[in-house]
Amino acid sequence: MALLRSLLGAKKILEAATSKRATSAAPPKGFLAVYVGESQKKRYVVPVSYLSQPSFQDLLRKSEEEFGFDHPMGGLTIPCPEDTFNSVTSRFQ
């Protein structure tokens, strides 16, 4: 049940972020753009399969707590240091 709530929350965040469309090029099919960083934001293009990873869902919850569904970059913004994001996502490969 918790996994279903996490996936639904991730879907809401993703829908809100993609509805605003970032000014840069759209990511390829099967990928999504995220903006990572605390003060300076860097754009990453990640596979949508990351959405099913519990540690990535934790990052999405942190994003939801900070921004709700209103992401200032026009895309999904994850408010964590880049090295933390890289550490989390490097375990998926």
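Take "buried" to mean under 20% relative accessible area, and "exposed" to mean over 50%. On that footing, 37% of the 93 residues of this protein are buried. Keep in mind that this is a predicted model.

**Layout**

The protein has three helices and three strands, and along the sequence they come in the pattern α-β-β-α-β-α. Among the contacts with a separation of 6 or more, 54% link residues 24 or more positions apart. The accessible surface adds up to about 5,600 Å², with carbon and sulfur atoms holding 55% of that.

**The strands**

Start with strand 1, where five of the six residues are buried. Strand 1 pairs with strand 2 in the antiparallel sense, through six bridges. At one place in this pairing, Phe31 sits opposite Pro47 of strand 2; at another, Val36 has Lys42 of strand 2 as its bridge partner. Strand 1 also runs parallel to strand 3, and three bridges join the two. There, Val34 faces Leu76 of strand 3.

Leu76 deserves a second look. This strand 3 residue has 2% relative accessibility, so it counts as buried. Its C-alpha lies 8.8 Å from that of Leu60, a residue 16 places away in sequence. Leu60 is itself one of the buried residues of helix 2.

Between strand 1 and strand 2 there is a hairpin with five residues between the strands, and Gly37 takes a positive phi near 140° in it. Glu38 is in that loop too. Is Glu38 buried or exposed? It counts as exposed, because its relative accessibility is 59%, and the cut-off for that is over 50%. Even so, Glu38 has company from further along the chain: leaving out neighbours within four places in sequence, it is in contact with Cys80 and Pro81. The C-alpha atoms of Glu38 and Thr77 are 9.8 Å apart, with their positions 39 residues apart in sequence.

**Two helices with a buried face**

Helix 2 covers residues 54-67, which is 14 residues, and spans 20 Å from first C-alpha to last, close to the 20 Å expected at 1.5 Å a residue. Its buried residues fall within an arc of 155° when you look down the axis, so they line one face of the helix. On the other side, Pro54 and Glu65 are exposed. Right after the helix, Gly68 has a positive phi of about 65°.

Helix 3 shows a buried face as well. Down its axis, the buried residues fit within an arc of 90°, so they too line one face. Strand 1, strand 2, helix 2 and strand 3 are among the elements that cover them. Here are the two helices side by side:

| Helix | Buried residues | Arc of buried residues |
|---|---|---|
| Helix 2 | Phe56, Gln57, Leu59, Leu60, Ser63, Phe67 | 155° |
| Helix 3 | Phe85, Val88, Thr89 | 90° |

As background, an α-helix has 3.6 residues a turn, so residues three or four places apart point the same way.

**The core**

In soluble globular proteins, nonpolar side chains tend to be buried together. Here, the largest nonpolar core has 16 residues. Which of them have the most contacts inside the core? They are Val34, Val36, Val46, Phe56, Leu59, Ile78 and Phe85. Strand 1 (31-36), strand 2 (42-47), helix 2, strand 3 (76-78) and helix 3 (82-90) each put in at least two residues.

Phe56, from helix 2, gives a good view of how these pieces meet. Setting aside residues up to four places away in sequence, Phe56 touches Val46, Tyr50, Leu51, Ile78, Phe85, Val88, Thr89 and Phe92. Val46, Ile78 and Phe85 on that list also belong to the core residues with the most contacts. The buried residues of helix 3, namely Phe85, Val88 and Thr89, are on the list of Phe56 as well.

Terms used: Residues are numbered from 1 along each chain as its sequence is written. This is a predicted model: local features need pLDDT of at least 70, side-chain atom pairs count only at pLDDT 80 or more; totals for chains, interfaces and linings use all residues. Side-chain values use heavy atoms; hydrogens and water are left out. Helices (H or I, at least four residues) and strands (E, at least two) are DSSP runs, numbered from the N terminus. Buried means under 20% relative accessible area, exposed over 50%, partly exposed in between (1.4 Å probe, protein chains only). Contact means heavy atoms within 4.5 Å. Accessible areas come from the Shrake-Rupley method with a 1.4 Å probe; for residues, only the protein chains shown count as cover. The expected span of a helix is 1.5 Å times one less than its number of residues. The arc is that of the directions from the helix axis to the C-beta atoms. A nonpolar core is a set of buried Ala, Val, Leu, Ile, Met, Phe, Trp, Tyr and Cys residues joined through side-chain atoms within 4.5 Å. Two strands pair if DSSP finds at least two bridges between them.
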